[in-house]
Amino acid sequence: MITQEQVDRILRLEGNGLPLVSLYLPVEPDQPGRRAHRARLAGLLDRIRPLADDHSLEHAARLSLSEDIAKIEQRLGEEPQRPGTVVVFSCGGNGVYEEVWLPRATHERVVVDEAPFVRPMLAVLDEYHRICAVVVDEATAQIWEYHLDEVRELEAIRDRTLRGPEHAARLDEDPVRDMADELSKRHYRRLIGELKRLFKEGGFDLLAVGGHPYQVPAFIEFLPRDLHDRLVGRFTVDRDTTTAADIRDKVRVLVTDRAYQEQERLVGEILEAVATKHHATVGLDDTLWAGSLAAIRTLAVDTEAVAPGVVCDRDGLLARTGEQCLLCGDALREVPDVIEELVKTVIEDSGEVRHIEMETDLRTHLTGALLRFELPPHPIDTE
Ligand SMILES: [Zn+2]
């Protein structure tokens with residue numbers, strides 16, 4: 001699972017005078033198996049192999065590149081377990097090797113540069129919230145990270161309490177109860193301090209609060225405004241028996257609900273912007289045209305949408321049909337799903353991609369987008 005620490009570490013990578021290899025190897029859902037996977041990997045590495053023998057480069061740079069190629073070949077050679085994209089950042093001479101799995105396919109790509117090529121990685125991760133899930137009672141707290149449908153425990157906090165069974169008999173005495181209340185407030189304050197730190201440093205988007213139904217509201221009341229604004233929801237778990245899988249399942253429900261609301265809102269925004277003719281488009285032909293011109297700021301794709309089409313390998317033009325590129329005149333290549341190509345193109349152009357999983361008005365249109373600028377007329381329309 002990719003952590004914020006790893007993302008931060010990757011963003012800080014530099015070659016220090018040595019070449020750094022960034023490699024994106026997509027794994028399609030209907031991937032044809034180990035042999036094709038290895039062939040694809042070999043094809044990518046072949047593009048940089050000549051550099052490792054290029055005597056205009058310093059000896060140390062060539063050595064580092066050869067090491068990178070051998071290591072990537074060995075590490076990625078096994079058949080991948082799940083669809084998505086494997087991303088590697090490698091610089092053998094600096095002892096750097098970072099491997100990341102992304103849940104969606106990007107364009108295949110290999111880049112050799114001083115700096116890591118991170119844009120496609122960030123664009124894909126941008127679609128997935130990073131949630132801080134806290135399981136709280138009046139004396140303890142477990143803090144979990146939920147990201148890309150996986151969880152890991154970050155830390156546990158235990159404070160003093162008078163609410164244990166050994167004090168139960170005395171809790172109806174006022175001074176004991178006041179002291180118990182004071183201790184739980186102290187615990188909540190400490191936990192909030194910790195959450196504030198994590199939100200500042202950990203790259204979290206949203207907060208989920210879980211525990212016993214009678215204890216969760218007390219803590220939520222304590223949340224300061226900035227954390228309360230991040231609250232995605234609450235869930236019920238028994239702290240003593242809960243497992244990582246329980247936490248994941250509970251948070252997943254909250255995140256899914258939230259995602260559906262966001263998807264509905266985005267589709268509404270696009271349709272309204274189309275109606276008022278303000279930097280938006282809907283329908284596959286126009287969205288493909290917008291993608292061809294790098295005009296898409298936010299792409300919305302119905303998850304069930306698939307459509308055969310054509311692409312131009314020279315300038316990236318995308319269309320549903322055609323023999324020759326409207327921009328350069330080259331012959332177009334047929335692809336089984338031009339929407340998949342569109343998604344990759346938008347990622348490459350630093351746009352946002354949102355997959356619309358629920359049934360909205362987008363289902364009949366397949367795709368829609370918020371645009372960076374008004375589109376020039378489609379050449380076909382003007383002919
Ligand atoms: Zn072209």
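**View 1. Val-338 in helix H10 of the predicted model.** In this predicted model, Val-338 is buried, with a relative accessible area of 0%, and its place is in helix H10. Val-338 and Val-310 lie 28 residues apart in sequence, while their C-alpha atoms are 6.6 Å apart in space.

**View 2. The largest nonpolar core and a second, separate one.** The largest nonpolar core has 43 residues, of which Phe-89, Met-121, Ile-296 and Leu-299 touch the most other members. Helix H10, which runs over residues 338-348, gives the most to this core, with 6 residues. At least three residues of this core come from each of two domains, namely domain 1 (4-125) and domain 3 (279-382). A second core, separate from this one and made up of 21 residues, includes Val-134, Tyr-188, Leu-195 and Leu-223.

**View 3. The zinc site.** The zinc ion is coordinated by the SG atoms of Cys-312, Cys-325 and Cys-328 and by Asp-315, which is listed twice through OD, at 2.2 to 2.6 Å. Along the sequence, the spacing of the donor residues of the zinc ion follows the pattern C-x2-D-x9-C-x2-C. Two of these donors can be described by their accessibility: Cys-325 counts as buried at 5% relative accessibility, whereas Cys-328, at 29%, counts as partly exposed.

**View 4. The open sheet of 5 strands.** The strands of this open sheet follow the order E7-E6-E5-E8-E9, and their pairing is mixed. Strand E7 (150-158) and strand E9 (231-236) stand at the edges with a single partner strand each, so one side of each has no neighbour in the sheet. From one strand to the next, the twist averages 20°. Within the sheet, strand E5 (residues 130-136) pairs with strand E8 (residues 206-211) in the parallel sense over 5 bridges, and here Ala-133 stands opposite Ala-208 in E8.

**View 5. Strand E6 and its two antiparallel partners.** Strand E6, covering residues 140-147, is mostly covered, since 8 of its 8 residues are buried. In a regular strand the side chains alternate between the two faces of the sheet. Both faces of E6 are covered, with Thr-140, Gln-142, Trp-144 and Tyr-146 buried on one side and Ala-141, Ile-143, Glu-145 and His-147 buried on the other. E6 pairs with E5 in the antiparallel sense over 7 bridges, and in this pairing Arg-130 stands opposite His-147 in E6; a hairpin of 3 residues joins E5 to E6. The pairing of E6 with E7 is also antiparallel and runs over 8 bridges, with Thr-140 opposite Arg-158 in E7. The hairpin of E6 and E7 has 2 residues between the strands, and in it Leu-148 takes a positive phi near 50°.

**View 6. A salt bridge within helix H5.** The side chains of Arg-197 and Glu-194 meet in a salt bridge, with a distance of 2.7 Å from N to O. Both residues belong to helix H5 (residues 174-201), where, because they are 3 residues apart, they are separated by about one helical turn. Arg-197 is partly exposed, with a relative accessible area of 35%, whereas Glu-194, at 18% relative accessibility, counts as buried because the cut-off for that class is under 20%.

**View 7. Further salt bridges and a shared network.** The structure holds 31 salt bridges, and two further examples are described here. Arg-248 and Asp-249 meet through their side chains in a salt bridge of 3.2 Å, N to O; Arg-248 counts as partly exposed at 27% relative accessibility, and Asp-249 likewise counts as partly exposed, at 32%. Glu-352 forms a salt bridge with Arg-354, in which the closest N and O atoms are 3.6 Å apart, and Glu-352 is itself partly exposed, with a relative accessible area of 30%. Elsewhere, Glu-5, Arg-130, Glu-145 and Arg-152 are joined into one network by salt bridges that share partners.

**View 8. The whole protein, for orientation.** The protein has 12 helices and 16 strands, and its C-alpha trace spans about 85 × 60 × 35 Å along the principal axes. Of its 383 residues, 48% count as buried.

Key: Residues are numbered from 1 along each chain as its sequence is written. This is a predicted model: local features need pLDDT of at least 70, side-chain atom pairs count only at pLDDT 80 or more; totals for chains, interfaces and linings use all residues. Side-chain values use heavy atoms; hydrogens and water are left out. A nonpolar core is a set of buried Ala, Val, Leu, Ile, Met, Phe, Trp, Tyr and Cys residues joined through side-chain atoms within 4.5 Å. Buried means under 20% relative accessible area, exposed over 50%, partly exposed in between (1.4 Å probe, protein chains only). Helices (H or I, at least four residues) and strands (E, at least two) are DSSP runs, numbered from the N terminus. Domain bounds come from an automatic or database domain assignment. A salt bridge is a side-chain nitrogen of Lys or Arg within 4 Å of a carboxyl oxygen of Asp or Glu. Donors are N, O and S atoms within 2.8 Å of the metal (3.2 Å for Na, K and Ca); water is not among the atoms, so sites may look incomplete. Two strands pair if DSSP finds at least two bridges between them. Axes are lines fitted to C-alpha atoms, for helices over the stretch in contact, and angles run from 0 to 180 degrees between N-to-C directions.
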